[in-house]
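Work through the exercises below with the structure open. Each task is followed by a stepwise solution.

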There are 2 protein chains.
Amino acid sequence: MHFQLTHTDKSSRARCGILHTAHGSVSTPVFMPVGTQATVKALSPEVMERSGVEMILGNAYHLYLRPGCALIRRAGGLHRFMNWPRPILTDSGGYQVFSLALLRRITDEGVWFQSHIDGSAHFLNPEKVLEIQRDLGSDVCMVLDECSPYPCSREEARAAVERTLGWARASRQVQMPAAQLVFGIVQGSTFEELRVQCARELAAMDFPGYAVGGVSVGEPAELIYKTVAMTVPLLPENKPRYIMGMGTPEDILESVAGGADMFDCIIPTRYARTGVAFTHNGKINLRNAVHTEDLSPVDRECDCYCCAHFSRAYVRHLIYAKEILGAQLLSLHNVHFYTAMMRQVREAIAADRFIVFKTDFLNRYRTALPGAETDAADGE
Amino acid sequence: MHFQLTHTDKSSRARCGILHTAHGSVSTPVFMPVGTQATVKALSPEVMERSGVEMILGNAYHLYLRPGCALIRRAGGLHRFMNWPRPILTDSGGYQVFSLALLRRITDEGVWFQSHIDGSAHFLNPEKVLEIQRDLGSDVCMVLDECSPYPCSREEARAAVERTLGWARASRQVQMPAAQLVFGIVQGSTFEELRVQCARELAAMDFPGYAVGGVSVGEPAELIYKTVAMTVPLLPENKPRYIMGMGTPEDILESVAGGADMFDCIIPTRYARTGVAFTHNGKINLRNAVHTEDLSPVDRECDCYCCAHFSRAYVRHLIYAKEILGAQLLSLHNVHFYTAMMRQVREAIAADRFIVFKTDFLNRYRTALPGAETDAADGE
């Protein structure tokens, strides 16, 4: 078995588990920083390992276009190419074709699109995206799916589910190395009966793991929670459950309570590059004037390299002076914050006190202190 | 004594020494990476320490304008503000006033100028620049000087020397903490009699160290060498000799042979951000197509983190994808290359074989291999 469920919280559906991969075991719930182009932006592998990152996400679409799978295969796979020894999950590229590619034409056979880099024409189908991920050597590979935008009509969402299911069936026929796990993806937009249908049919295909796709695509937070809450219980209990592209600390804690195991999001690294830091007392924006003379660390309770050695005033100076080190230090801190939060999440579940932990954490996190980030950056 | 001359090469004027500062001792000849805005671009202090960097350069002009000396003083000085425990030399800002400031008016009293950041008006004089560097807590402080552009007339150069000498006299009257060494700066453009006059008068003022200023300001390489070669021997033998803003590996080896001890330059970090790497076989530009599939390290003979773990193809991918990690890895490598070269320089001098070392090093360095950087980047 690739996934062991080790404990379920007595007060919620939150659960602890272990995902076994060819590059080591990962404790769940886990947050995977996003390394789209064979690097988690502004972080070296050694810095990530020291921050306790257990698993990262790569992107088949981007890597297929640049630098190309042939090179990465020759380099010995994505792990060796980017010097990341721990597990990697790769997204199939379905979402990127829909969000980034210039022109695209979707048929039941697959997707024609033009590269967002140079306009070159490409065709991807369920078999091809798994072949790409085989070349990359991903520990977890995602199937090709059709991600509905928000909002979309019930009919459009139904058509995307049908296509997603057809592609999932085709994916299941692809012979992959035993060490590479392939996860199915549930679509269905915000429509419960479509989510139910998609989840049931995918469950019957017996994938080693399941993802909830098509959330955090622009819908309001309540709808995200509602969709995740309705979909997660539909997924097989003995398989890992991954919420794609999620999210804020609030989103993640909410979804863990509902029984989700895996998360990825650009938020910690993207926010870092704009000067926003996560702290136990909420997000702060170091561009705010209140931090100008603040010689305290970004987060007093954090033991990362940034918080151990540098002040808010210094990091603010770096951000204003457009110094690369500012992005490095804040990315490191934000990823460390997420990783540390997930460790606390797992400890709380193991001790059957997850709901208490979540309440306490969010009470403090939502108490805005001076310099808090109050703009609508979450919606970016 | 702040400076001990420990050995002079039997075959040249090259010399080894130790500069003692409040933040430790530095073996000379030494190369100081440039940390203009309280950070060596794209490098964390821990990465620099691991690369064997002994001393860095900061810039009084930039730090005075942003984030301001009051904040840095409150933070406990520049070392604590930027978490750099080893020695720091700060440039006075004279060069920046001439090269960066918007409007400026120079009188014998000092310099009026407008900030290049926000246009605000400022006045600096010899006393004020030392006061700024006292606030910063610099181990080595530079006096205010007037740096002649290239080309300039003999009369202009003479006037700049007179003003530089007047300001040096005023600087010598400033009471500085004993732990902070103040260096004088020789100007005189490319005119030998002006260099001689300036060096003699400064020597009589008995500064703890001397710099050659006004070189590498746009003149051809032969004139740089000629000016350094004529000026260095004029400087007191028992004091450290610092060539400001120099240079390429070739420049540095040439000047070491002439008896210079200290160097700083933006080249290793600036080139890194454009994809240019220093190797024992010369500079290479990773943007060149020849590196696309090259899975060998940037420099086979280098033991830095970049060369130990990543390939030319990977770093090239990062540069093309505009990933910050590309700048981080190449900056680290280039600084490591310089630092390792200086260590070899010191060993060669101590073994009385500096000229042999220099000849061998440059023979290999000048052998262009495929992918070599052949453009005029040196002149940037």
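Helices (H or I, at least four residues) and strands (E, at least two) are DSSP runs, numbered from the N terminus. This is a predicted model: local features need pLDDT of at least 70, side-chain atom pairs count only at pLDDT 80 or more, and totals for chains, interfaces and linings use all residues. Residues are numbered from 1 along each chain as its sequence is written, and chains are lettered from A and ligands numbered from 1 in the order in which they are written.

**Exercise 1. Describe the overall fold of chain A.**

Step 1: count the elements. Chain A has 15 helices and 16 strands.

Step 2: check the dimensions. Along the principal axes, the C-alpha atoms of chain A fill a box of roughly 60 × 50 × 40 Å. The radius of gyration is taken over C-alpha atoms, and the globule rule is 2.2 Å times the number of residues to the power 0.38. For 380 residues a compact globule would come near 21 Å; chain A has 20 Å, which agrees.

Step 3: look at burial. A residue is buried if 20 or more other C-beta atoms, placed from the backbone, lie within 10 Å of its own. Of the 380 residues in chain A, 55% are buried.

**Exercise 2. Divide chain A into domains and describe where they meet.**

Step 1: set the bounds, which come from an automatic or database domain assignment. Domain 1 of chain A is 3-264 and domain 2 is 271-379.

Step 2: take the centres over C-alpha atoms. They lie 27 Å apart.

Step 3: find the contacts (C-beta atoms, placed from the backbone, within 7 Å). Here 27 residues of domain 1 of chain A touch 25 residues of domain 2 of chain A.

Step 4: name the contributors on the domain 1 side. Helix 10 of chain A gives the most, with five residues.

**Exercise 3. Which elements of chain B supply at least two residues each to the side that touches chain A?**

Step 1: size the contact. It takes 30 residues from chain B and 30 residues from chain A.

Step 2: list the elements of chain B. They are helix 3 (69-74), helix 4 (78-82), helix 13 (312-320) and helix 14 (324-350). The largest share, five residues, comes from helix 13 of chain B.

**Exercise 4. Find the symmetry that relates the chains.**

Step 1: superpose by least squares on the C-alpha atoms of residues with pLDDT of at least 70 in both copies. A turn of 180° and a shift of 0.0 Å along the axis lay chain B on chain A with an RMSD of 0.0 Å.

Step 2: classify it. This is the relation of a two-fold axis.

Step 3: locate the axis. In chain B, the C-alpha of I324(B) is nearest to the axis, at 3.7 Å.

Note on methods:
A residue is buried if 20 or more other C-beta atoms lie within 10 Å of its own, exposed if 12 or fewer, and partly exposed in between; C-beta atoms are placed from the backbone. Two residues are in contact if their C-beta atoms, placed from the backbone, lie within 7 Å.
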